[in-house]
Amino acid sequence: MKNRSAVTRIGQRMGIGAIASHALLVLICISLLLPLYWMLVTALRPTSELSQFPPHLLPDHLAWRNFVDAVQQIPFFLYMKNSAFLAVINVVGSMLSAVIVAYGFSKLQWHGRNVFFGILIVTMFLPGVVTMVPTYIIYHDIHWIGTYLPLTVPSFFASAFNVFLLRQFYRTIPESLSESARMDGASEWRILWRIIVPLSKPAIVAVVIFTFIGNWDDFTGPLIYLQNQHMYTMPIGLYDFIENKGGTLWNQLMAASLMFMVPMLLAFFFGQSAFVKGGIRTTGIK
Amino acid sequence: MSRGASDLQLRAKAALTREKGRRALSYRVRRFCTGLAFISPWLFGFITLTLGPMLLSLYYSFTDYNMIHAPNWVGAYNYVSLFTDPQFASAFENTLYVLFIMVPVNLLAALIYGMLMDLAARGQAIYRTILYLPSLLPAVASAILWRWLYDPNFGLINYGLSLLHIKSPLWLVDPHWEKPALMIVGLWGAGNSAVLFLAALRGVSRNLYEAAMVDGASAWWRFVRITIPQISPVIFFNLVTGMIGGIQYFSQGFVMIGSSVQFWMTYIYNNAFVNLEMGFSSAASWVLLVFTSILVGIVFISQRWWVHYEE
């Protein structure tokens, strides 16, 4: 009785027993997993079976060669390479910049700090759309359109979200550590890199994971700034394949999507413990 | 003490205070410079990539700039044509649909998922993982998957409906079913909010419920007067993130339907990058910004009435 969660006891009074909730949950889980299962199944269907109606729940032949074909139909490795390249640069840029900027907002006391931080918070709620058009014009005037520069350089300017995350985490580090280092004559820069950063590994990993996932998935950025097919990333490549190359070979498309997803899933599961520690702790959710 | 000596003492004290003040001032200036130096990457980015473009966008919204000729001042012309454009009206309507139907429904669904998981005392970890799985899919991959599922002829959904002898709609190509189709995809991915709700629900102290039950409170009363207020910070967080995401809803709709069904952002995208009407799309962007600010501002101010933070 003591260890039951509160809603359980309400539920019992309401007549919805734990059994009913399990039943509902199982139903929900099945309906959530069904599309994913279908994605897997479609990826393994031979092309001849794609247009069969009614579709069979399991394919008659497991067409593993779909994965091979997909890689040949669209410039798979090229797009993956491009996605990976951009992701790595963005991760490095955002990590470095967020670590430094967050330090300035948390561990240093200076006149006007809170005003600037207030501005930062407000920008978090800004729809990116507002800056989309004029930023494009600016990039156009300095001839950056069609290069990777608009998609990489901004990451070195610290996104508000990453700064916020790290700043909240830094604040949980006792000030006494920095104080004693200052008394020993260490500069703020040293304190940041020798003391704060080693203690902030969970939050930094969270930043890396968030940035990687956000970047791997980015569609709008490459859509606007890339023109040369050789430079496309996977999201744009997949979209381009459907829209322009008449690619409605759904089995190959699913195979390509699955392969595309793997790094992202790996990143998520790999960073999950740090993810939770860095994320939940700093958003103040119990 | 003689007058001369105390006079001297006063002057010495004043000089010392001034000196301290000066040192304090230079110390403050030094700290200011250090702080500014540390945040300089963000500050530079803010000025060049946020503030600057915003002001430029404001300027362009009063011109007819279209990338080909130099901008000419046209006053409020863009704004007037914006509000009289039927395409904008439908884009605005679609965005309102997202904000006032999709977001609340998603929130409710996530809350229900969370409550169900909380009720089911055992196996929470498994349910949590499964529910979270769909939101792990990259937006583009899930849009492509659902495009296949919604295929009028070979898609799984219409097949399932035909088994139940329900007449199957054309989904993504049928104007009546486009938006519900997108909403179903949203419900599918509500797991990430649900996990937050679960964490919040588990954190509600049981003592509150026990005390209420001793006083004879009904289950509904306990839900409305205890559960909701206790998890209100998470409701607030999910609501605001949902709203902001909803206003900028773009890539999923774009990949599933293309640019025929327009949301506010698709409207701006079309006018800016297809028609190259930079001035006009800047006006549309600014109206969006004002709209967002008002909406988010209202939600923030309303916190006072329904969000309870632990002191």
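This briefing describes chain A as a whole, its salt bridges, a nonpolar surface patch, and the aromatic and charge–ring contacts of the structure.

The model is a predicted one, and every value below is computed from it. Chain A contains 15 helices and zero strands, and 53% of its 286 residues count as buried. Across all chains, a search of the whole structure finds four salt bridges, while the aromatic pairs number 43.

**Chain A as a whole**

- The secondary structure of chain A consists of 15 helices, with zero strands, and several of these helices, including α4 (76–106) and α10 (188–199), return in the points on the surface patch.
- Among the contacts in chain A with a separation of 6 or more, 71% are made by residues 24 or more positions apart.
- The area that chain A exposes comes to about 13300 Å², and carbon and sulfur atoms supply 66% of that area.

**Salt bridges in chain A**

- A network of salt bridges links A:Lys107, A:Glu175, A:Glu179, A:Arg182 and A:Glu188, and the points below take up individual bridges between these residues.
- A:Lys107 and A:Glu175 form a salt bridge in which the closest N and O atoms are 3.4 Å apart; this pair links distant parts of the chain, since A:Lys107 lies in the loop between α4 and α5 (113–124) and A:Glu175 lies in helix α9 (residues 175–183), 68 residues apart.
- The two partners in that bridge can be described by their accessibility: A:Lys107 has a relative accessible area of 5% and is therefore buried, whereas A:Glu175, with a relative accessible area of 32%, is partly exposed.
- A:Glu179 and A:Arg182 meet through their side chains in a salt bridge of 3.3 Å, N to O, and both residues lie in helix α9 of chain A, three residues apart, which is about one turn of the helix.
- A:Glu179 counts as partly exposed at 38% relative accessibility, and A:Arg182 is partly exposed as well, with a relative accessible area of 23%.
- A:Arg182 also forms a salt bridge with A:Glu188, where the closest N and O atoms are 2.7 Å apart; A:Glu188 has a relative accessible area of 18%, so this residue is buried.

**A nonpolar patch on the surface**

- A:Val88, A:Val92, A:Leu96, A:Phe156, A:Trp189 and A:Trp193 form a nonpolar patch on the surface, and together they have about 530 Å² of accessible area.
- Helices α4 (76–106) and α10 (188–199) of chain A each supply at least two residues of this patch, and the largest share, three residues, comes from α4.
- A:Trp189, one of the patch residues, has its place in helix α10 of chain A and counts as partly exposed because its relative accessibility is 46%.

**Aromatic pairs and clusters**

- Among the 43 aromatic pairs over all chains is a tilted pair formed by A:Tyr103 and B:Phe38, with 5.1 Å from centre to centre and 50° between the planes.
- Because A:Tyr103 lies in helix α4 of chain A and B:Phe38 lies in helix α1 (residues 3–60) of chain B, this pair joins two chains; both A:Tyr103 and B:Phe38 are buried.
- The rings of B:Phe92 and B:Trp264 form an edge-to-face pair, because their planes stand at 85°, with the centres 5.3 Å apart.
- That pair links distant parts of the chain, with B:Phe92 in helix α3 (residues 86–119) and B:Trp264 in helix α12 (residues 264–274) of chain B, 172 residues apart.
- B:Phe92 is partly exposed, with a relative accessible area of 27%, whereas B:Trp264 counts as buried at 1% relative accessibility.
- Ring pairs also link residues of both chains into a cluster, which is made up of A:Tyr136, A:Tyr139, A:Trp144, A:Phe219, A:Tyr225, A:Tyr239, B:Phe254, B:Tyr269 and B:Phe273.

**Charges over rings in chain B**

- The charged end of B:Lys179 sits over the ring of B:Tyr97, at 5.4 Å from the centre of that ring.
- The charged end of B:Arg304 sits over the ring of B:Trp305, and here the distance from the ring centre is 4.9 Å.

Note on methods. Residues numbered from 1 in each chain as written. Chains lettered and ligands numbered in written order. Predicted model: local features only at pLDDT ≥ 70, side-chain atom pairs only at ≥ 80, totals over all residues. Heavy atoms only, no water. Patch = residues over 30% accessible without salt bridge, like charges linked within 9 Å, V, L, I, M, F, W, Y side chains within 5 Å. Areas by Shrake-Rupley, 256 points an atom, 1.4 Å probe, with all protein chains shown as cover. Helix = DSSP H or I, 4+ residues; strand = E, 2+ residues; numbered from the N terminus. Buried < 20%, exposed > 50% of the residue type's maximum accessible area, 1.4 Å probe, protein only. Phe/Tyr/Trp six-rings, centres within 6.5 Å; stacked < 30°, edge-to-face > 60°. Lys NZ or Arg CZ within 6 Å of the ring centre and 35° of its normal. Contact = heavy atoms within 4.5 Å.
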